[in-house]
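Please study the sequence and the three-dimensional structure below. The questions that follow proceed from one chain to the other.

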Amino acid sequence: MKKLLLALFVSLAFILSFTPGLLAEEGVTKTEIHIGQWGPQTGPAAAWGNVARGTGAYFKWINDNGGINGRKIVYHMFDDGYNPAKTKAGVKELQEGTGMFAWACGVGTTPGLAVRDYLAERKIPWVGAATGSMNFVNPPTKNMFAVYPLYKGEAKALIRYAIKIMGKKRIAITYLNDEYGKNGLRGALEELKANGMEAVAEVPMEAKDTDLAPHVMKLRKSKADLVLMWTTVSQSVRVIGTAKAMKFAPQFMSSSTTSDFTFMTAISKGLWEGVITGTLAELPGSGHPLLVKYKEEVFDKYAAKEERWGVFYYAGIAFTEPMIEALKNCGKRLTRKRFIKEMEKLKGFKGIGPVVTYKKFDKNDMYSRQGTSQTFLVQCMAGGKTKQLTDWMDIK
Amino acid sequence: MIDFIQMIVSGVAVGSTYALMGLAMVIIYKTSEVPNFAQGEMALITSYFAMMLLTQMNMSVYLAFFLSFVFAVVLGCFLEFAILRRAKEPNVLGMIVITIGIEMIILGFVSWKFGADQKTMPFPIGPYDSFIIGDIFISKLAVLTLVTALLFMIILYLFFKYSKLGLAMKATQQNSVAAQIIGIRTNRTLMMTWGISSLVGASAGLLISPTIMHPFMMWDPMLKGFAAAVMGGMTSLPGAVIAAYMLGIIENLFGGYVSIEFKTVVAFVIIVLVLCIKPSGLFSKHYIKKV
């Protein structure tokens, strides 16, 4: 009997020594939490690559300040070049090779859609996708927590401001012919309809379109007094430049993806002045105490020399603040189940982004996973300076 | 009517960039029968080189552009000498694969060295400064590109028709062994072809850069330039230029009157149609190689 027990014990110890996953949660050890993120460091969306770098600096700062409940974050970031095939391959490689506890941010609607089902099927937590597309929360999935205000709500906020405050009567929309652009289009059309109006023109463009003269001609022909753009950074600049060349000068509005006014002013050679956008976090010059702290303790200390303190850089912090809060609240016994429970407990959480609230998972309520519906509007002034036009607004 | 004229003018404006890229591709094809898929990236690296001279070394635009053109010629010659000439028992397919490899290497290098952020190049003419005649506009940069493309077309046409080197290039393409027998140094001729082609392509890159610069900026012009070259017959310089303008105008008219969503695709539909109806291209003389 003794021999049998000994043999069983040795066999069990042998098996367990090869299967650490049976004892601990994937991506968590006694001293480490593995978190992954993809971000375009090259390719057409490289201007938003600083989101992932901002998160990296934030995690370094957390680690140097004692980590989370005795564990350090091991951050795995890879460049997907905004190519969904690369996003999927990279996520699978890291998840199945190293094993991530959770995923943070991840720039882009299309790259995110490429891995949404993969992460959902495996119940791997994903917090703060860097996109305001509704596709990630409608229908909601248990593992996915959104922080970015929805494009649809943002477009509504812009159109509402255009009609109610600016008194615009002829509104045209130009949008990228993908899920990002169509989310903005839907919000704008809904708000126009609510005000008894219709768009005077809806002009789609493809991501590869560089000659935008025909598009702008359609906008000009519509005699719009306001044009809402839901396109890429460089296309938005081209639309305004081409319109200027055609002596077509409506008020321009654009999505929060173009709200880094210093950058937009530089690449548009000053043409961005006057453009109104939504935004997703406190303003660089707002003096918000937490933002000032991040600037001094995170950016100044950990950012690369050529890095710039802009809205997308610290969006990488804003999108991951709720995740860090929940990780802290989990205590020492960190499991995915517990983490999701702690995420669901976040009510009225305020970091440098909008106020974030989650609820117990309800497949019929997208706001159980869409943490915010807040945005505020800003206008680009001379030299890339920002003028705040509204306070935080709650628009669903 | 004004819209129609504006679409034609805008088509001509955008066609000029395609024309320059098409010309660059035709030059190499005329000599080696190899479509050079690294053409766009050769222009890309030259543009970033110019940007470096302008912003980091504070050179004047004229000096920076002159040095960039020198750089482009040296780059073209170097690639031919150091990489393509080393290919063992080369066939056309192998050479095409090599040019794709060069393209990837240059693209990766530019992203690594200069970063992937969008930029704009300082230039005396603003990207959206325009001439306005009535209600019709054309950007000054587009006019400059148009003049450059037409100038290059005329110079290259005369060069291939009357200069010794130009004739040597044609001879090298038609029969490289016979060309060697009559004393043409075919290797050197090929090297010069790459240099000249790189120079023409670089001018397209430099004229796009004041509007927007990023590592993928040459993909669309290169593809459309290639489309124009195929449409024009791959060996005809005026053919490539005329086809490029046709492409620009058709794209604009299609976007304006048929479907703006499929405006970009129309170029490739035209290629398929042309290749089905007239495989040798619209402006090329069809000839059969005799054994």
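Q: How many helices and strands are there in chain B?
A: This is a predicted model, in which local features need pLDDT of at least 70, side-chain atom pairs count only at pLDDT 80 or more, and totals for chains, interfaces and linings use all residues. Residues are numbered from 1 along each chain as its sequence is written, while chains are lettered from A and ligands numbered from 1 in the order in which they are written. Helices (H or I, at least four residues) and strands (E, at least two) are DSSP runs, numbered from the N terminus. Chain B has 11 helices and 2 strands.

Q: What radius of gyration does chain B have?
A: The radius of gyration is taken over C-alpha atoms, and the globule rule is 2.2 Å times the number of residues to the power 0.38. For 291 residues, a compact globule would have a value near 19 Å; chain B agrees with this, because its radius of gyration is 19 Å.

Q: What percentage of the residues in chain B is buried?
A: A residue is buried if 20 or more other C-beta atoms, placed from the backbone, lie within 10 Å of its own. Of the 291 residues in chain B, the buried share is 50%.

Q: Which strands stand at the edges of the open sheet in chain A?
A: Two strands pair if DSSP finds at least two bridges between them. The 5 strands pair in parallel in the order E2-E1-E3-E4-E5. Each edge strand has a single partner strand, so one side is left without a neighbour in the sheet; these strands are E2 (72-78) and E5 (144-145).

Definitions and conventions: Buried ≥ 20, exposed ≤ 12 C-beta atoms within 10 Å, placed from the backbone.
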